[in-house]
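Subject: Structure for you to look at

Dear colleague,

I am handing over the structure we talked about, and below it you will find notes on what turned up in it. Please keep the sequence and the 3D view open side by side while you read.

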Amino acid sequence: MSSNSLRDLDRALLHPYTNLRKHEQTGPLVAVRGEGVRIFDDAGRSYIDAMAGLWCASLGFSQARLGEAAKRQMSQLGFYHQFTHKSHDKGIELAAKLLELAPAGTAMSRVFFANSGSEANDTALKLIWYYNNALGRPGKKKVVARRQAYHGVTLASASLTALPANHRDFDLPLDLGRFLHITCPQAYHHALPGEDDAAFVKRLAAEFEALIETEGADTIAAFFAEPVMGAGGVIVPPDGYLPRMQEICRRHDILMVADEVICGFFRTGQRWGSETLDFQPDMLVCAKALSAGFLPISALMISDKIYQVLADNSAKIGTFGHGYTYSGHPVSAAVALEALALYDELDIKGQVARTAPVMQKHLCQLAAHPLVGEARGIGLIGALELVEDKASRKNFDPARGMAAKVVEAMQRNGVIGRAMINDSLAFSPPLVIGEGELDEVFGVVRVALDEVASAL
Ligand SMILES: Cc1ncc(COP(=O)(O)O)c(C=O)c1O
C-alpha cells in the first residue's frame with residue numbers, strides 16, 4: 001500500500017498514549033520493517049529504536065527463529081486452552097521453564113498466563129483478594145504501591161499505577177478505599193537536603209511502617225513494586241530499599257509482588273530485576289521480553305504458600321473462576337519458549353554485561369549537559385532528567401514539553417526515544433544492541449539536547 005494511503009487510513013485508529021488532536025495534524029511514523037535494532041518507515045528511513053518499542057523488543061525487530069517457532073506451532077496446534085482440566089504441551093513446557101528460572105529463594109510453584117502486563121497485575125490483585133477471603137480475612141484487602149508506579153491500565157492495574165495521565169478523567173483510581181500510595185524512592189527529588197541513601201531508605205521504611213500502623217496490618221494485603229520503576233521515569237531505588245520493604249512486608253504478613261514486566265529477562269543485568277535489587281517476592285509478574293515482544297503473553301508466578309490456599313478455596317467453591325480465552329495461547333507460548341532459548345544461546349546476559357557499562361557511561365557523560373539534572377540507570381535501562389535549574393533540581397513547566405522536544409529532535413536524526421514524567425528521557429534499547437549502535441544513539445541524543453538548549 002502506498003505511503004499516502006497508509007497515512008489516510010491511519011485515521012481509522014484511536015492511538016494509545018497520544019494527543020489525538022495533535023495526531024490529526026502530525027500523522028504517524030508508519031513502521032513497515034525491522035532489522036536488528038532498527039525499524040524502517042514507509043519512506044524507507046531507518047531509526048534505531050532506543051526504547052525496544054515499548055521496552056519489549058529485547059531481540060530486535062526481526063528474528064527468523066521466533067517466526068519459525070510461531071509457524072511450526074500454528075501448523076501443529078494453532079489454538080488450545082487450559083480451562084476445565086485441559087492443557088497443551090507448549091503451555092506446560094513454558095510454565096515448567098519459568099518455574100525452573102524463577103528467582104532463587106522464592107519457592108514459586110504455579111504459573112498463570114495472561115496476555116499483557118495489565119492483565120497479569122489485575123490477576124495478581126484478584127488472587128490476593130481471593131486468598132485473603134479464603135483465609136477468613138475479608139478485611140485484609142488494601143494494596144500499597146509507590147507514587148509514579150506503573151502497573152498497567154486496566155481498572156485495577158491503573159488504580160495501582162500512580163501517574164496523573166492514567167487517572168485524570170478516567171475516574172481512577174477505583175474508589176474502593178483499597179489503593180494506597182507511598183513515596184517514590186527517587187533520592188534526587190525526595191531525599192531531604194543532606195540525607196544520604198541509607199537515611200533516605202530508613203525514612204521511606206518508616207513511612208511504610210507508619211502507614212501500616214495507621215491503616216492496621218490486618219487491612220493491608222500486598223505491596224506491589226517494579227524493581228526499577230519504568231514508566232515513572234526509570235527510577236532505580238537506593239541500595240537496601242527493596243530488601244527493607246520486604247522485611248517490613250514479611251513482618252506484617254503482607255504479600256510482596258514484583259512487577260517484572262520491564263525488568264524481567266536481563267534488562268537490569270540479572271535475569272530478574274528482583275535478583276539485581278535483592279529481594280524475593282511472593283508473586284512475580286512478567287511479560288514483554290517473555291516473548292521478546294513478538295506475541296502477547298504475560299505470566300504470574302505464585303509461591304506454594306499462596307497456591308495451596310487458592311486450591312483449597314477452589315475445591316470449596318467448585319472452581320477457580322478466573323481465566324482469559326488466550327491464557328497461555330500455544331503460539332505465544334511456543335514463541336516465548338524460543339525467546340528463552342535464544343537468550344541462553346546468544347548469551348544475552350553476557351552481552352548486557354558488556355554493553356550496560358557503555359550505555360551507563362554515555363548517560364553519565366550527558367549528566368554534564370546544561371539541560372540534564374540527573375542521569376540514572378542500571379543494566380540496559382536508564383534516563384536523563386531535564387531540569388530548568390540544576391541547583392534547585394526544579395523541573396521545567398510540563399506545558400513546555402521539553403523532553404518531548406528532545407525526542408522529536410532525536411527522531412528527526414534517526415533515533416526513537418520516549419519522554420516520561422518530569423521531562424525524563426528514557427532509554428531501554430533492544431538487549432542485542434551493539435557498542436557502536438549505542439555510540440550512535442547517544443551521539444544523536446547529544447545533538448538533540450544541544451538543539452533544544454540552543455532554542456531556549
Ligand atoms: C512495570 C509494568 N507493569 C505493567 C505494564 C502493563 O503492561 P501492558 O501494557 O502489557 O498491559 C507495563 C507496561 O509498560 C509496565 O511497564
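In what order do the 4 strands of the open sheet stand, and what kind of pairing do they show? The order is 1-2-3-13, and the pairing is mixed. Please keep in mind, here and in everything that follows, that this is a predicted model.

**The sheet of 4 strands**

Strand 1 (31–35) and strand 13 (415–416) each have a single partner strand and stand at the edges, so one side of each is left without a neighbour in the sheet. Strand 1 is joined to strand 2 (residues 38–41) by 4 bridges, and these two strands run antiparallel; if you look for a pair of residues to follow by eye, glycine 34 has isoleucine 39 in strand 2 as its bridge partner. A helix also belongs in this picture, since helix 17 (residues 435–454) lies across strand 2, strand 3 (46–49) and strand 13, and it runs at about 100 degrees to strand 3.

**The sheet of 7 strands**

There is also an open sheet of 7 strands, again with mixed pairing, whose order is 4-10-9-8-7-5-6. Its edge strands are strand 4 (108–114) and strand 6 (179–182), each of which pairs on one side only. On average, and with direction ignored, neighbouring strands of this sheet are turned by 20 degrees against each other.

The mixed pairing can be followed around strand 9 (residues 283–286). With strand 8 (residues 255–259), strand 9 pairs in the parallel sense over 3 bridges, and here valine 257 stands opposite methionine 283. With strand 10 (residues 298–303), strand 9 pairs in the antiparallel sense over 4 bridges, and there valine 285 has leucine 300 as its bridge partner. Elsewhere in the order, strand 5 (residues 142–146) and strand 7 (residues 220–225) run parallel and are joined by 3 bridges, with phenylalanine 223 of strand 7 as the bridge partner of valine 144.

Which residues of strand 9 point one way, and which the other? Met283 and Val285 point one way, whereas Leu284 and Cys286 point the other way, and all are buried.

**Helices against this sheet**

Helix 5 (residues 89–101) lies across strand 4 and strand 10, running at about 130 degrees to strand 4. Helix 13 lies across strand 4, strand 8, strand 9 and strand 10, and its direction is at about 90 degrees to strand 10.

Helix 13 (residues 304–317) also packs with helix 6 (residues 117–134), at an angle of about 70 degrees and with the two axes 9 Å apart, which means that helix 6 is roughly perpendicular to helix 13. From helix 6, the contact is made by Leu127, Tyr130, Tyr131 and Ala134, and from helix 13 by Lys305, Ile306, Val309, Leu310, Asn313, Ser314 and Ile317. Sorted by class, this contact has 8 nonpolar, 2 polar and 1 charged residues.

**Cysteines**

How many disulfides does a search of the whole structure find? The search finds 0. Cysteine 249 is in no disulfide, and the nearest cysteine sulfur, which belongs to cysteine 184, is 17 Å away; cysteine 286 is in none either, with the sulfur of cysteine 263 as the nearest, 12 Å away. For a pair to count, the two sulfur atoms would have to be within 2.5 Å. Cysteine 249 counts as buried, at 1% relative accessibility, and cysteine 286 also counts as buried, at 0%.

**Backbone details**

Most residues other than glycine have a negative phi, and most peptide bonds are trans, so a few places deserve a careful look. Leucine 172 and proline 173 are joined by a cis peptide bond, with omega at about 0 degrees, and proline 173 is found in the loop between helix 8 (164–167) and strand 6.

Valine 234, although it is not a glycine, has a positive phi of about 55 degrees; this residue lies in the loop between strand 7 and helix 11 (241–251) and is buried, with a relative accessible area of 0%. Aspartate 253 likewise has a positive phi, near 55 degrees, and is found in the loop between helix 11 and strand 8, but aspartate 253 is partly exposed, with a relative accessible area of 32%.

With best wishes

How values were computed: Residues are numbered from 1 along each chain as its sequence is written. This is a predicted model: local features need pLDDT of at least 70, side-chain atom pairs count only at pLDDT 80 or more; totals for chains, interfaces and linings use all residues. Side-chain values use heavy atoms; hydrogens and water are left out. Buried means under 20% relative accessible area, exposed over 50%, partly exposed in between (1.4 Å probe, protein chains only). Axes are lines fitted to C-alpha atoms, for helices over the stretch in contact, and angles run from 0 to 180 degrees between N-to-C directions. Angles under 35 degrees count as roughly parallel, over 145 as roughly antiparallel, 65 to 115 as roughly perpendicular and the rest as oblique. Contact means heavy atoms within 4.5 Å. Ala, Val, Leu, Ile, Met, Phe, Trp, Tyr, Cys and Pro count as nonpolar, Asp, Glu, Lys and Arg as charged, and the others, Gly among them, as polar. Two strands pair if DSSP finds at least two bridges between them.
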